[in-house]
Amino acid sequence: MGAYGNEELPLPPVSDFSNPRLSKHVHDNVHGNIYLDPLSLKFIDTEQFQRLRDLKQLGAAHMVYPGAVHTRFEHSLGVYWLAGEAVQMLKKYQGLELGIDNFDIQTVKLAGLLHDVGHGPFSHLFQSEFLPLVMNGTEWSHEQMSTKMVDHIVDKHHIDVDSEMMRKVKEMILASSGSAPKNRAGEKRFLYDIVANGRNGVDVDKFDYIARDSRACGLGCSFEFQRLMQTMRVMGDEICYRAKEYLTVHKLFATRADLYRTVYVHPKVKAIELMIVDALVEANDYLQISSFIEDPSEYWKLDDSIIKTIETAPNQQLRESRNLIRRIRTRNLYQFCNEYAVPRDKIENFKDITAQDIVCSQKNGGVLLKEEDVAVSNVRIDLTRGRHNPLERISFFKDYESEEKFSIPDDRISHLLPTCFQDMIVRVYAKKPELVGAISEAFENFQLNKYGIKAQVHATPEKKKRRV
């Protein structure tokens with residue numbers, strides 16, 4: 001790593017249990033100095049981990065928010081650091097009671113460091129949108145791939161690390177996924193809630209990316225994760241928070257939802273991502289992109305540069321993909337036609353809208369639309385638990401003398417808090433500018449047929465319809 005500073009600089013008093021003279025540090029633009037312990041460095045200084053420098057944290061968002069060029073690399077260092085700070089904080093105040101030792105600290109820090117090492121190109125786009133189109137019925141997740149990559153790194157680089165530690169690291173990475181392992185008797189369950197919290201969603205992964213993404217995109221962020229880290233306490237093998245921090249916890253989820261709406265699923269960002277997915281799908285037969293997920297020794301070679309590979313390749317088989325990427329470069333994007341929010345009473349039984357649904361709603365006359373002319377994005381925005389309030393799963397305590405933990409109903413705090421915890425937005429795009437008018441009209445007909453009203457806020461602007 002080329003960014004290490006002078007190892008003789010003084011270390012903060014509680015941030016590293018290893019020999020300070022063996023630690024390195026980097027200066028992070030979110031957390032300041034981050035100190036890296038010797039074992040973690042063995043993982044960081046591998047080509048598999050360094051690959052994260054070539055995976056942008058926010059996929060294609062930098063094409064709309066130019067500052068959003070940060071990568072999975074610095075996010076992983078940030079989560080490593082916050083995971084260490086969190087477990088050190090618990091040790092400082094409850095170490096004897098909880099039996100937290102250096103083994104636990106190192107395990108949690110490694111889980112934070114390696115939790116995203118299995119991500120594919122363009123953030124979640126690879127897993128959620130590309131793979132389902134080319135590998136029908138195959139279940140794959142970046143969390144599972146992370147565990148395979150961890151094993152590959154250990155074997156490839158002959159890292160001398162305790163096998164029990166690595167088992168727990170992998171379980172902590174999977175803790176919030178559908179592949180989360182069952183709890184073992186005698187395990188310190190609260191340690192599994194620090195990096196990827198499958199219990200209620202409050203974890204240092206979110207602490208880092210909310211702060212980092214907001215900063216990179218030039219957005220304000222009033223959520224203060226430091227308040228939660230300083231006041232958390234383990235009760236009944238669960239991390240709990242002071243009751244007075246209820247609104248701070250709510251702000252975590254609200255800020256995340258706001259980032260989704262403002263940045264992650266911005267209409268223009270989604271237009272670009274839809275084009276990238278189409279380019280990857282077109283190129284898959286020739287480049288066999290999806291086959292990389294089968295072998296960690298090949299998977300680490302796959303990163304965001306796949307787009308440049310397609311763009312510069314002379315092969316005729318990649319012509320359609322190259323044209324799509326050229327359109328992105330020249331800002332000739334899929335055109336946003338319109339969107340509507342699914343009515344609240346329809347969300348529970350909502351099924352994704354498809355291009356076929358829109359095409360079949362076209363009235364006779366005019367341009368005859370085909371499915372390949374239309375792109376549909378079904379956008380889900382929630383507070384991490386779908387239609388349910390995530391704060392129902394969080395336990396609080398009154399003060400540090402109290403031995404009782406409890407949940408807090410919304411109406412005991414404020415009547416201004418939301419009563420619905422999920423949005424479902426349907427967006428439709430025209431792949432050719434000259435089809436915006438016809439597709440917008442078909443989209444309006446679809447809404448009338450499905451809901452009896454035009455659910456969209458306003459009609460598609462005439463200026464957009466006339467663009468060619």
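# Sheet, hairpin and hidden spaces

Strand E5 is joined to strand E9 (residues 422-430) by 6 bridges, and the two run antiparallel. Two strands count as paired when DSSP finds at least two bridges between them. Helices (H or I, at least four residues) and strands (E, at least two) are DSSP runs, numbered from the N terminus. The model is predicted: local features need pLDDT of at least 70, side-chain atom pairs count only at pLDDT 80 or more, and totals for chains, interfaces and linings use all residues. Residues are numbered from 1 along each chain as its sequence is written, and side-chain values use heavy atoms, leaving out hydrogens and water.

## The three-stranded sheet

Now look at the pairing of E5 and E9. Phe336 stands opposite Tyr429 in E9. Strands of a sheet pair through backbone hydrogen bonds, either parallel or antiparallel.

What is the order of the strands in the open sheet of 3 strands? The order is E5-E9-E6, with antiparallel pairing. Strand E5 (335-341) and strand E6 (374-382) stand at the edges. Each has a single partner strand, so one side of each is left without a neighbour in the sheet. Neighbouring strands are turned by 20° against each other on average, direction ignored.

Helices pack on this sheet too. Helix H10 (residues 246-264) touches E6 and E9, and its direction makes about 165° with that of E6. Helix H16 (residues 436-451) touches E5, E6 and E9, and its direction makes about 15° with that of E5. Axes here are lines fitted to C-alpha atoms, for helices over the stretch in contact, and angles run from 0 to 180 degrees between N-to-C directions. Contact means heavy atoms within 4.5 Å.

## Two residues in the sheet

Gln422 has its place in strand E9. Is Gln422 buried or exposed? Gln422 is buried, with a relative accessible area of 13%. Buried means under 20% relative accessible area, exposed over 50%, and partly exposed in between (1.4 Å probe, protein chains only). Not counting residues up to four places away in sequence, Gln422 touches Ile347, Arg380, Ile381, Asp382, Gly386 and Arg387.

Val379 is found in strand E6. Val379 is also buried, at 3% relative accessibility. Leaving aside neighbours within four places in sequence, Val379 is in contact with Val265, Asp423, Met424, Ile425 and Arg427. Val379 and Ile276 are 103 residues apart in sequence. In space they are 17 Å apart, C-alpha to C-alpha.

## Strand E4 and its partners

Strand E4 (residues 238-242) is mostly covered. Of its 5 residues, 4 are buried. Strand E3 (residues 233-235) pairs with E4 in the antiparallel sense over 3 bridges. There, Arg233 has Cys240 in E4 as its bridge partner. The hairpin of E3 and E4 has 2 residues between the strands, and Gly236 takes a positive phi near 60° in this hairpin.

E4 also pairs with strand E7 (residues 396-397), in the parallel sense, over 2 bridges. Tyr241 has Phe396 in E7 as its bridge partner.

## Pocket and cavities

Both kinds of space are found on a 1 Å grid over the protein atoms alone. A cavity is a set of points where a 1.4 Å probe fits but cannot get out. A pocket is an open set with protein on both sides within 12 Å along at least five of seven lines. Lining residues have an atom within 4 Å of a point. How many cavities of 30 Å³ or more are there? The count comes to 3.

| Space | Volume | Nonpolar lining | Polar lining | Charged lining |
|---|---|---|---|---|
| Second largest pocket | about 320 Å³ | 4 residues | 1 residue | 9 residues |
| Largest cavity | about 60 Å³ | 8 residues | no residues | 2 residues |
| Second largest cavity | about 40 Å³ | 3 residues | 1 residue | 4 residues |

A volume is the space filled by probe spheres set on the points, with grid points joined across faces, edges and corners. Ala, Val, Leu, Ile, Met, Phe, Trp, Tyr, Cys and Pro count as nonpolar, Asp, Glu, Lys and Arg as charged, and the others, Gly among them, as polar.

The second largest pocket is lined by 14 residues. Asp278, Glu282, Leu324, Tyr334 and Lys431 lie nearest its centre. Helix H11 (267-287) and helix H14 (319-329) each supply at least two lining residues. H14 gives the largest share, 4 residues.

The lining of the largest cavity includes Ile239 and Tyr241. Helix H8 (204-216) and E4 are the elements that give two or more residues to this lining. Among the residues lining the second largest cavity are Asp104, Thr107, Lys168 and Met172. Here the elements giving two or more residues are helix H4 (102-114) and helix H7 (163-173).
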